[in-house]
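Let's work through two short exercises together. Have your viewer ready and try each task before reading on.

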Amino acid sequence: MSSIEQSVEKAFTTMASEPTKKVVDLQRDIQEQQAHQVLTTDHGVKVADTDNWLKIIGTESESKKNGPSLLEDQIGREKIHRFDHERIPERVVHARGTGAHGYFEVLHGDRASKYTFAPVLTDSSRTTPVFVRFSTVQGSRGSADTVRDVRGFAVKFYTEEGNWDIVGNDIPVFFIQDAIKFPDFVHAVKPEPHNDVPQGQSAHNNFWDFVGLQPESAHMVMWVMSDRGVPRSFRMMQGFGVNTFTLLNAAGERHFVKFHFIPELGVHSLLWDEALKINGQDPDFHRKDLSEAIESGAYPTWKFAIQTIPESREHEFGFDILDATKVWPQESVPLEEIGRLVLNRVVDEFFPETEQVAFCTSHVVPGIGFSDDPLLQGRNFSYFDTQISRLGINWEELPINRPVCPVLSHNRDGKSRHRIVKSEVNYWPNRKNIGCPVSAEKGGYVEYAEKLEGIKQRARGPKFQEHFDQAQLFYNSLAAYEKAHLVSAIGFELSHCEDSVVYKSYIDVLNNIDFDLAKEVAIKVNGEVPTKPGRANDGKKSKGLSQLDFLPKTPTIVSRRIAILISDGFNAIEMQAVRDALTSAKAVCYLIGPRRNHILPMAGQDFGPGIFADHHFDSQRSTLFDAIYIPSGEEHVKTLAKNGRVVHWVREAFGHCKAIAAVGEGVDFLRDVVRLPGIDLFVPSSGQGSDEVVTSYGVVTTGKYSISSAVTDALNIVPDTRGFASNFAFQISQHRCYERELDGLTDQVAF
């Protein structure tokens with residue numbers, strides 16, 4: 001490593017470990033609890049008994065029984081009162097979420113300075129604290145993480161000029177063009193009013209009725225029904241500002257802008273069968289995944305990029321750039337990388353931070369402004385209004401929401417006011433010149449002077465009338481397996497619609513996107529199979545729409561969860577060598593055995609009482625891991641072969657296209673017991689060397705793996721590598737082997 005690289009790594013490590021200004025700011029509100037601290041009431045009086053309500057107890061020996069509880073017990077009353085009022089109104093949408101602290105830094109300030117004078121985007125000497133909240137949209141706070149849904153991706157930047165919020169999603173477009181349709185959309189996607197069903201999903205009559213009658217939603221439906229609707233992790237999904245904002249530079253020139261967050265780990269998703277199972281097996285899967293990564297030091301990181309269009313080019317495109325149902329194709333408007341976002345600290349307490357954090361699209365700082373995007377205009381009103389409903393008028397004084405820069409206003413009073421202002425005046429102008437407005441030159445926010453003329457009317461511009469071009473562009477740009485998943489997803493959703501009018505009518509919408517797509521879905525759901533396309537498919541594609549466009553340039557297995565299946569008699573020396581190789585690349589390995597206790601290695605290997613298994617076979621499922629490895633060991637494999645749960649583990653992982661590795665007798669287990677169809681496995685009798693590696697559809701096998709094998713197998717995550725661990729690591733880095741699915745192998749396995 002060069003001295004420059006070492007300096008950069010040192011700087012990054014230091015930055016990651018040092019608390020940001022916001023974390024320091026929160027310390028004044030954090031109460032560190034210690035062992036043996038005494039219990040008090042909320043008004044500070046020490047409590048002698050917190051287990052018994054004050055009541056009348058009989059005095060005679062024969063009548064020492066409970067009498068009535070007394071209302072005078074202020075300790076009991078306070079405890080119950082406080083409990084009764086612990087809940088606040090949950091968010092109407094985005095109720096289910098989790099969050100983390102981090103920082104934002106500018107890497108290419110010179111790129112942004114020609115568009116904006118906002119220091120948060122141009123000053124590379126700054127480290128801006130952030131808080132990010134991820135969420136689902138449809139479900140309640142108690143719904144599951146891995147439902148098919150849009151994911152919220154909201155970022156609060158605590159800048160030196162005030163708080164700036166990007167209230168985004170993991171999908172760059174939305175269902176509607178005009179904010180006035182938002183109540184209709186939310187009512188349609190939420191559980192149906194007559195029975196409050198279903199929870200956390202859009203597979204019901206009302207949603208598909210709405211989007212079928214509202215064709216502007218067609219593009220967004222394609223995204224949600226694609227693999228984007230079931231992300232593998234919050235850390236492996238993109239973030240988008242969705243709306244069109246503006247940037248203003250020092251010369252007074254304005255550009256329209258779209259904001260993008262691109263994960264360094266790549267963009268990856270679950271399979272639908274897998275997502276359904278995780279909903280029941282571990283409904284907090286995404287929450288745990290985020291905290292696990294941060295606490296292990298695998299800090300989630302995103303590149304921050306912008307797309308910009310000068311005002312002079314606003315009307316050059318075939319679509320309206322202010323239409324939130326449209327993307328700006330990268331061929332016409334390229335991405336420019338500006339900085340990076342890093343999350344490096346979990347919350348100390350969920351409610352005061354993650355639940356009380358509140359975002360507003362109207363929170364911008366000088367150099368950043370709004371456009372006439374009709375969805376954004378409504379959001380600017382709605383978000384501020386909903387925070388008042390949930391948290392009260394003084395919500396911006398809550399610790400997680402307050403800025404780190406000085407705050408002074410003439411706003412006063414209101415419920416739950418925290419700030420105490422020592423001043424004789426609370427208005428402007430005043431005789432003391434307190435709280436005076438300042439010019440733009442001194443940092444005051446000044447709106448861009450835009451000339452407007454027109455007729456007041458309820459209407460949309462002519463370019464807002466086209467709804468299918470970009471839905472088709474998205475579909476054309478997907479890989480073959482992504483298209484297959486999208487067809488299955490729409491088929492699943494429409495099959496849950498009991499009203500034939502709903503599922504049959506949506507075929508007409510699909511036929512305006514792609515003829516073959518409409519036919520495939522119609523056959524699945526008993527719709528009317530179209531005989532000719534509703535409109536021609538021009539075959540155009542665009543980059544940045546398929547998830548394959550975001551594979552990391554350097555393959556990585558950082559934070560990937562690998563299950564190692566073991567039983568008594570396994571080859572512990574081999575297992576340790578493989579595990580050490582994988583963890584050296586920051587993968588996370590878990591030993592899964594017949595019991596959560598010590599598992600004995602094969603004869604001749606001295607590991608004391610054995611090696612401790614993290615979980616037992618029945619307590620976890622393959623769905624919760626990215627890959628499976630089965631070590632060698634004759635007795636160990638005999639035990640695995642008798643356990644149907646273990647056989648299902650492997651078949652299910654195979655069906656979900658995950659990387660699978662096995663050594664020695666572990667290969668025999670795959671061949672003779674699991675019986676993976678169409679897979680070439682290591683066969684000693686074929687003349688191969690016992691340590692030769694065979695890779696087939698993401699399944700990596702070899703005859704043996706020893707200490708000497710590990711020495712020559714320095715982990716190198718590249719294609720066509722010869723080492724067993726390196727080969728396995730590369731297959732894991734590809735996320736899934738979808739060729740297994742496309743070639744029909746997964747259809748032959750029950751999982």
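The exercises below use a predicted model and deal with nonpolar cores and with strand pairing.

**Exercise 1. Find which residues have the most contacts inside the largest nonpolar core, and which helix gives the most to it.**

Solution.
1. Start with the core itself: it has 53 residues, and Phe175, Trp208, Met222 and Leu510 have the most contacts inside it.
2. Next, look for elements that supply two or more residues: these are α6 (182-189), α7 (205-213), α8 (218-225), α13 (469-477), α14 (480-495), α15 (500-511) and α16 (515-525).
3. Of these, α8 gives the most, with 7 residues.
4. Now zoom in on Trp208. Leaving aside residues up to four places away in sequence, Trp208 touches ten you can list, including Val221, Met225, Ile490, Leu494, Val502 and Tyr506.
5. Finally, don't merge this core with its neighbour in your list: another core of 37 residues lies apart from it, with Trp272, Leu624, Val650 and Val694 among its members.

**Exercise 2. Work out which strands pair with β21, and in what sense, parallel or antiparallel.**

Solution.
1. Take β19 (residues 659-663): this strand runs parallel to β21, joined by 4 bridges. Ile660 stands opposite Val699.
2. Then take β20 (residues 693-696): β20 and β21 pair antiparallel, also over 4 bridges. Here Val694 has Thr701 as its bridge partner.
3. Check the hairpin of β20 and β21: 2 residues lie between the strands, and Tyr697 takes a positive phi near 50 degrees.
4. Sort the side chains of β21 (residues 699-702): Val699 and Thr701 point one way, Val700 and Thr702 the other, and all are buried. In a regular strand, side chains alternate between the two faces of the sheet.

Definitions and conventions. Residues are numbered from 1 along each chain as its sequence is written. This is a predicted model: local features need pLDDT of at least 70, side-chain atom pairs count only at pLDDT 80 or more; totals for chains, interfaces and linings use all residues. Side-chain values use heavy atoms; hydrogens and water are left out. A nonpolar core is a set of buried Ala, Val, Leu, Ile, Met, Phe, Trp, Tyr and Cys residues joined through side-chain atoms within 4.5 Å. Buried means under 20% relative accessible area, exposed over 50%, partly exposed in between (1.4 Å probe, protein chains only). Contact means heavy atoms within 4.5 Å. Two strands pair if DSSP finds at least two bridges between them.
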